[in-house]
Amino acid sequence: MAKFSGAHLKSLRKEAGLTQKELASRIGLSRETVVAIENEYVGSIDKLSIEVVNSWWAVCRRTVSAKTKESFKSQILRFFNIQNS
């Protein structure tokens, strides 16, 4: 399985114009958890669920570029080993 990038999630959050605290509040995580995911602390990416990624995306997607949207979609498909048809 491909590794999901905390740096990619951080970039997505920043492009959406959200602070870690704002994003955490919107998706029901602590700010510390967002920090751990973005900085890829041991175990944080490995334990990342599809629900958290989906919530992160749902909050950020409205304000990011088409290029970012396509990049994020590709990364999700690779991470969860889903074939793009």
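Let me begin with helices H1 and H5, where H1 passes H5 in a left-handed crossing. Please keep in mind throughout that this is a predicted model. The axes of H1 and H5 come within 12 Å and cross at roughly 150 degrees. An angle over 145 degrees counts as roughly antiparallel, and H1 and H5 are therefore roughly antiparallel to each other. On the H1 side, the contact is made by His8, Leu9, Leu12 and Glu15. On the H5 side, the partners are Thr68, Ser71, Phe72 and Gln75.

H1 has a second neighbour to consider, namely H4. These two helices pack at an angle of about 25 degrees, and their axes are 9 Å apart. Because angles under 35 degrees count as roughly parallel, H1 is described as roughly parallel to H4. The crossing of H1 and H4 is left-handed. Here H1 contributes Leu9, Lys10, Leu12 and Arg13, while H4 contributes Trp56, Trp57 and Cys60. Leu9 and Leu12 of H1 thus appear in the contact with H4, and both are also listed in the contact with H5.

I turn now to the interior. In soluble globular proteins, nonpolar side chains tend to be buried together. In this model, the largest nonpolar core has 20 residues. Which of them touch the most other members? They are Leu12, Leu23, Ile37, Leu48, Trp56, Cys60 and Phe72. Two or more residues come from each of the following elements: H1, at residues 6-15; H2, at 20-27; H3, at 31-38; H4, at 50-60; and H5, at 66-79. The largest share, six residues, is supplied by H4.

Isoleucine 37 deserves a moment of its own. This residue lies in helix H3. With a relative accessibility of 3%, isoleucine 37 counts as buried, because the limit for that class is under 20%. Leaving aside residues up to four places away in sequence, isoleucine 37 touches Gly6, Leu9, Leu29, Ser44, Ile45, Leu48, Val52 and Trp56. Its C-alpha atom is separated by 8.5 Å from that of lysine 10, although the two residues are 27 apart along the chain.

The next residue I would like to discuss is glutamate 38, which also lies in helix H3. Is glutamate 38 buried or exposed? Its relative accessible area is 4%, so glutamate 38 is buried. Again leaving aside residues up to four places away in sequence, glutamate 38 touches Gly6, Ala7, Leu9, Lys10, Arg13, Gln20 and Trp56. Glutamate 51, by contrast, is 13 residues away in sequence and 16 Å away in space, C-alpha to C-alpha.

Let us move to the loops. Glutamate 40 lies in the loop between H3 and H4. This residue has a positive phi of about 55 degrees although it is not a glycine. With a relative accessible area of 29%, glutamate 40 is partly exposed.

Glycine 28 is found in the loop between H2 and H3. At a relative accessible area of 64%, glycine 28 is exposed. Glycine 28 and serine 55 are 27 residues apart along the chain, and their C-alpha atoms are separated by 8.8 Å.

Arginine 62 belongs to the loop between H4 and H5. Its relative accessibility is 63%, and arginine 62 therefore counts as exposed, since that class begins over 50%. Between arginine 62 and alanine 16 there are 7.7 Å from C-alpha to C-alpha, with 46 residues separating them along the chain.

Finally, a word on annotation. An unreviewed UniProt entry places the feature "domain: HTH cro/C1-type" at residues 9-48. In the model, that span is 57% helix and 0% strand. The end C-alpha atoms of residues 9-48 lie 12 Å apart.

To close, I return to the two helix pairs. H1 is roughly parallel to H4, whereas H1 and H5 are roughly antiparallel. Each of these helices also gives two or more residues to the largest nonpolar core.

Terms used. Residues are numbered from 1 along each chain as its sequence is written. This is a predicted model: local features need pLDDT of at least 70, side-chain atom pairs count only at pLDDT 80 or more; totals for chains, interfaces and linings use all residues. Side-chain values use heavy atoms; hydrogens and water are left out. A nonpolar core is a set of buried Ala, Val, Leu, Ile, Met, Phe, Trp, Tyr and Cys residues joined through side-chain atoms within 4.5 Å. Buried means under 20% relative accessible area, exposed over 50%, partly exposed in between (1.4 Å probe, protein chains only). Helices (H or I, at least four residues) and strands (E, at least two) are DSSP runs, numbered from the N terminus. UniProt positions are given in the numbering used here, feature names are shortened, and annotations may be inferred rather than shown by experiment. Axes are lines fitted to C-alpha atoms, for helices over the stretch in contact, and angles run from 0 to 180 degrees between N-to-C directions. Angles under 35 degrees count as roughly parallel, over 145 as roughly antiparallel, 65 to 115 as roughly perpendicular and the rest as oblique. A crossing is left-handed if the near helix is turned anticlockwise from the far one by less than a right angle, and right-handed if clockwise. Contact means heavy atoms within 4.5 Å.
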